[in-house]
Amino acid sequence: RLNRQKGQRYLLDASREILQDIPDLHVLLVGDGPLRKELERRANAIGLDGCVHFLGPRRDVFELMAIMDVFVLPSMWEGLPYSLLEALALAKPVVASAADGIPEVIVQGRSGLLVPPGDPTELAKAIIRLLTDRAYAQSLGLQGRERVSDAFDLNRMVRETSELYLSLASGSH
């Protein structure tokens, strides 16, 4: 979704900085929302019209993730973002903001890189690090896949949620 919560504006600002080190940068923004026109105008205004691609709603998100070198989630607030779990499951190196539920998923420096929400400079530094240190990026991706497999297995999550509800219902919490 292209809205304030997702922080795509900060990714655009970071992209401007990244271009100085990585001139062949391409940013894929997948989805749609109320900020699309505003984000398109901003991308053009700051000279990103050739490197930022607004793809709109897509059904081939996994295929798009597969071609990404880095998955970026610059959200200002989040619960448990499924897109983050999906990227980790695909062993993609991840840069995400340290907002709300995201640090529950990402272990800083082990399964991804966390940056302060709303900080395009730190976002740019983290992205540049992963784009220029491919061995580290690959290591983060593999550790991220292991983390999501271990900690966020669907069967385990359903079982633990059921146990919690049963415990609360029986008053034995």
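The questions and answers below concern salt bridges, helix burial, enclosed space and single residues in a predicted model.

Reader: How many salt bridges does a search of the whole structure find?
Author: The search counts a Lys or Arg side-chain nitrogen within 4 Å of an Asp or Glu carboxyl oxygen. Glu38 and Arg4 make one such pair, with N and O atoms 3.7 Å apart at the closest. Over the whole structure the number of salt bridges is 10.

Reader: Which parts does the salt bridge between Glu38 and Arg4 tie together, and how many residues apart in sequence are they?
Author: Glu38 is partly exposed at 34% relative accessibility, while Arg4 is exposed at 54%. Glu38 belongs to helix α2 (residues 36-45) and Arg4 to the segment before α1 (8-18), so the parts tied together are separated in sequence by 34 residues.

Reader: Which residues are joined into one network by salt bridges that share partners?
Author: Glu40 pairs with Arg36, the closest N and O atoms being 2.9 Å apart, and these two residues of helix α2 are 4 residues apart, about one turn. An α-helix has 3.6 residues a turn, so residues three or four places apart point the same way. Glu40 also meets Lys37 in a salt bridge of 3.8 Å, N to O, and that pair is 3 residues apart in α2. Through shared partners, the network consists of Asp32, Arg36, Lys37 and Glu40.

Reader: Is Lys37 buried or exposed?
Author: A residue counts as exposed when its relative accessible area is over 50%. The value for Lys37 is 56%, so Lys37 is exposed.

Reader: What covers the buried residues of α1?
Author: The buried residues of α1 are Gln8, Leu11, Leu12, Asp13, Ala14, Ser15 and Ile18. Their cover includes two helices and several strands: α2, α6 (120-132), β1 (27-30), β2 (52-56) and β3 (71-73).

Reader: What covers the buried residues of α6?
Author: In α6 the buried positions are Pro120, Leu123, Ala124, Ala126, Ile127, Ile128 and Leu130. The elements that cover them include α1, β3, β4 (94-97), β5 (113-115) and α7 (134-151).

Reader: How many Å apart are the end C-alpha atoms of α6?
Author: The expected span takes 1.5 Å times one less than the number of residues. With 13 residues, α6 should span 18 Å, and the model agrees, because its end C-alpha atoms are separated by 18 Å.

Reader: How do the residues lining the largest cavity divide into nonpolar, polar and charged?
Author: The search finds 1 cavity of 30 Å³ or more, and the largest holds about 30 Å³ of space. Its lining is made of Tyr10, Pro74, Ser97, Val115, Pro116, Pro117, Gly118, Asp119 and Leu123. By class these are 6 nonpolar, 2 polar and 1 charged.

Reader: Which residues lie nearest the centre of the largest pocket?
Author: The largest pocket has a volume of about 960 Å³. Elements giving two or more residues to its lining are α1, β1, α3 (61-67), β3, α4 (82-89) and α6. The lining has 22 nonpolar, 5 polar and 5 charged residues. Of the 32 residues that line the pocket, those nearest its centre are Leu28, Val30, Met68, Phe71 and Val72.

Reader: Is Ser75 buried or exposed?
Author: Ser75 sits in the loop between β3 and α4. Beyond its neighbours within four places in sequence, Ser75 is in contact with Gln5, Lys6, Gly7, Ser97, Ala99, Ile102 and Pro117. Its relative accessibility is 0%, so Ser75 is buried.

Reader: What is the phi of Ala91?
Author: Ala91 is in the loop between α4 and β4 and is buried, with a relative accessible area of 18%. Although Ala91 is not a glycine, its phi is positive, about 60 degrees.

Reader: What is the phi of Asp100?
Author: Asp100 is placed in the loop between β4 and α5 (102-105). Its relative accessibility of 53% makes it exposed. Asp100 is a residue other than glycine with a positive phi, near 45 degrees.

Reader: How many Å apart in space are Asp153 and Lys125?
Author: Asp153 lies in the loop between α7 and α8 (154-170) and is partly exposed at 33% relative accessibility. Asp153 and Lys125 are 28 residues apart in sequence, and their C-alpha to C-alpha distance is 31 Å.

Conventions. Residues are numbered from 1 along each chain as its sequence is written. This is a predicted model: local features need pLDDT of at least 70, side-chain atom pairs count only at pLDDT 80 or more; totals for chains, interfaces and linings use all residues. Side-chain values use heavy atoms; hydrogens and water are left out. Buried means under 20% relative accessible area, exposed over 50%, partly exposed in between (1.4 Å probe, protein chains only). Contact means heavy atoms within 4.5 Å. On a 1 Å grid over the protein atoms alone, a cavity is a set of points where a 1.4 Å probe fits but cannot get out, and a pocket is an open set with protein on both sides within 12 Å along at least five of seven lines; lining residues have an atom within 4 Å of a point. Grid points are joined across faces, edges and corners, and a volume is the space filled by probe spheres set on the points. Ala, Val, Leu, Ile, Met, Phe, Trp, Tyr, Cys and Pro count as nonpolar, Asp, Glu, Lys and Arg as charged, and the others, Gly among them, as polar.
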